[in-house]
Amino acid sequence: MTDGLNIAEWVHMLRCPDNREAYRALQSLQEASDLDNAVYAYIDTFIEMMRDSNSYIRTRGLTLIACNAKWDEEGKIDGIIDEYLGHATDNKPITARQCIKSLPELAEAKPHLMPYIASSLRQADTSQYADSMKPLIQNDIRDALLALDSMQCGSIKKAKQAQTS
């Protein structure tokens, strides 16, 4: 499932005009990202996708960046975190929502970025969104902040347990 050829094909399919095909490729790459770091080899492609004018492609790039954060020993994600966080208020609300929902996964892989991510979410300006979308995005922000707080509390408990052992 994670051989280089299939991964290359899936990455290519992420830009497929048929969104169902592209979504299948995204799902396959997400699954492969859980198994090993083979998909991380395409992190630069995912970063480029995050910058695409097409919101579906941006969303796929953001999702795969977060999925591969655990493999980012090079610190590439640290270098683009501001740009990534900017998508939490993307002009397309669906992209913003997916970005926000991916932040706990990214923060779990990169705990040193957790305070920065939380601060960015607290400062997110949702005033640009229609009244129908604004509460959804605000709830996503709340849920992401709760997840981050929970992770931080878990890290503090583990550190205290390690000190008493």
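This passage walks through the predicted model, from its overall make-up to its helix pairs and a few single residues.

The protein chain is built on helices: there are eight of them, and zero strands. Read from the N terminus, the order of elements is simply α-α-α-α-α-α-α-α. The chain has 165 residues, and 41% of them count as buried. Sequence-distant contacts feature heavily too. Taking the contacts between residues at least 6 apart in sequence, 65% join residues at least 24 apart.

Three helix pairs give a feel for how these elements sit against one another. To begin with α3 and α4, helix α3 covers residues 43–50 and helix α4 covers residues 55–67. Their axes come within 7 Å and cross at roughly 140°. That angle falls short of the over-145 range for roughly antiparallel helices, so α3 and α4 are classed as oblique to each other. The crossing of α3 past α4 is left-handed. On the α3 side, the contact is made by Ile43, Phe46, Ile47, Met49 and Met50. On the α4 side, Ile57, Arg58, Arg60, Gly61, Leu62, Leu64 and Ile65 take part. Sorted by class, this contact comes out at nine nonpolar, one polar and two charged residues.

Gly61 is worth a closer look here. This glycine lies in helix α4 and is buried, with a relative accessibility of 0%. Once its neighbours within four places in sequence are set aside, Gly61 is in contact with Phe46, Met49 and Met50, and those three residues also appear on the α3 side of the helix contact. Asp44 provides another reference point: Gly61 and Asp44 are 17 residues apart in sequence, while their C-alpha atoms are 9.6 Å apart in space.

Helix α4 also meets α2, and the geometry there is another story. The axes of α2 and α4 come within 10 Å and cross at roughly 10°. With angles under 35 degrees counting as roughly parallel, α2 is therefore roughly parallel to α4. From α2, the residues in contact are Asn19, Ala22, Leu26, Leu29, Gln30 and Ser33. They meet Tyr56, Arg60, Thr63, Leu64 and Cys67 of α4. This contact divides into six nonpolar residues, four polar and one charged. Arg60 and Leu64 turn up in the α4 side of this contact and also in the contact with α3.

Further along the chain come helix α5, residues 76–86, and helix α6, residues 93–109. Their axes come within 12 Å and cross at roughly 155°. Since angles over 145 degrees count as roughly antiparallel, this label applies to α5 and α6. Their crossing is left-handed. Ile77, Ile81, Tyr84 and Leu85 form the α5 side of the contact, and Cys99, Ser102, Leu103 and Leu106 form the α6 side. The class breakdown is seven nonpolar, one polar and no charged residues.

Two cysteines have already come up in these helix contacts. Cys67, part of the contact between α2 and α4, is buried at a relative accessible area of 4%. Cys99, part of the contact between α5 and α6, is buried as well, at 0% relative accessibility. As for cross-links, the structure holds zero disulfides.

A few other residues fill in the picture. Asp140 is located in helix α8, which spans residues 134–164. Although its side chain is of the charged class, Asp140 is buried, with a relative accessible area of 7%. Beyond its neighbours within four places in sequence, Asp140 is in contact with Arg97, Ile100 and Lys101.

Asp34 presents another case. This aspartate is in helix α2 and counts as exposed, at 51% relative accessibility. Along the chain, Asp34 and Trp71 are 37 residues apart, and 9.9 Å separates their C-alpha atoms.

Finally, Ala38 sits in the loop between α2, residues 19–35, and α3. With a relative accessible area of 25%, Ala38 is partly exposed. Ala38 and Ile7 are 31 residues apart along the chain, with their C-alpha atoms separated by 7.8 Å.

Terms used. Residues are numbered from 1 along each chain as its sequence is written. This is a predicted model: local features need pLDDT of at least 70, side-chain atom pairs count only at pLDDT 80 or more; totals for chains, interfaces and linings use all residues. Side-chain values use heavy atoms; hydrogens and water are left out. Axes are lines fitted to C-alpha atoms, for helices over the stretch in contact, and angles run from 0 to 180 degrees between N-to-C directions. Helices (H or I, at least four residues) and strands (E, at least two) are DSSP runs, numbered from the N terminus. Angles under 35 degrees count as roughly parallel, over 145 as roughly antiparallel, 65 to 115 as roughly perpendicular and the rest as oblique. A crossing is left-handed if the near helix is turned anticlockwise from the far one by less than a right angle, and right-handed if clockwise. Contact means heavy atoms within 4.5 Å. A disulfide is a pair of cysteine sulfur atoms within 2.5 Å. Buried means under 20% relative accessible area, exposed over 50%, partly exposed in between (1.4 Å probe, protein chains only).
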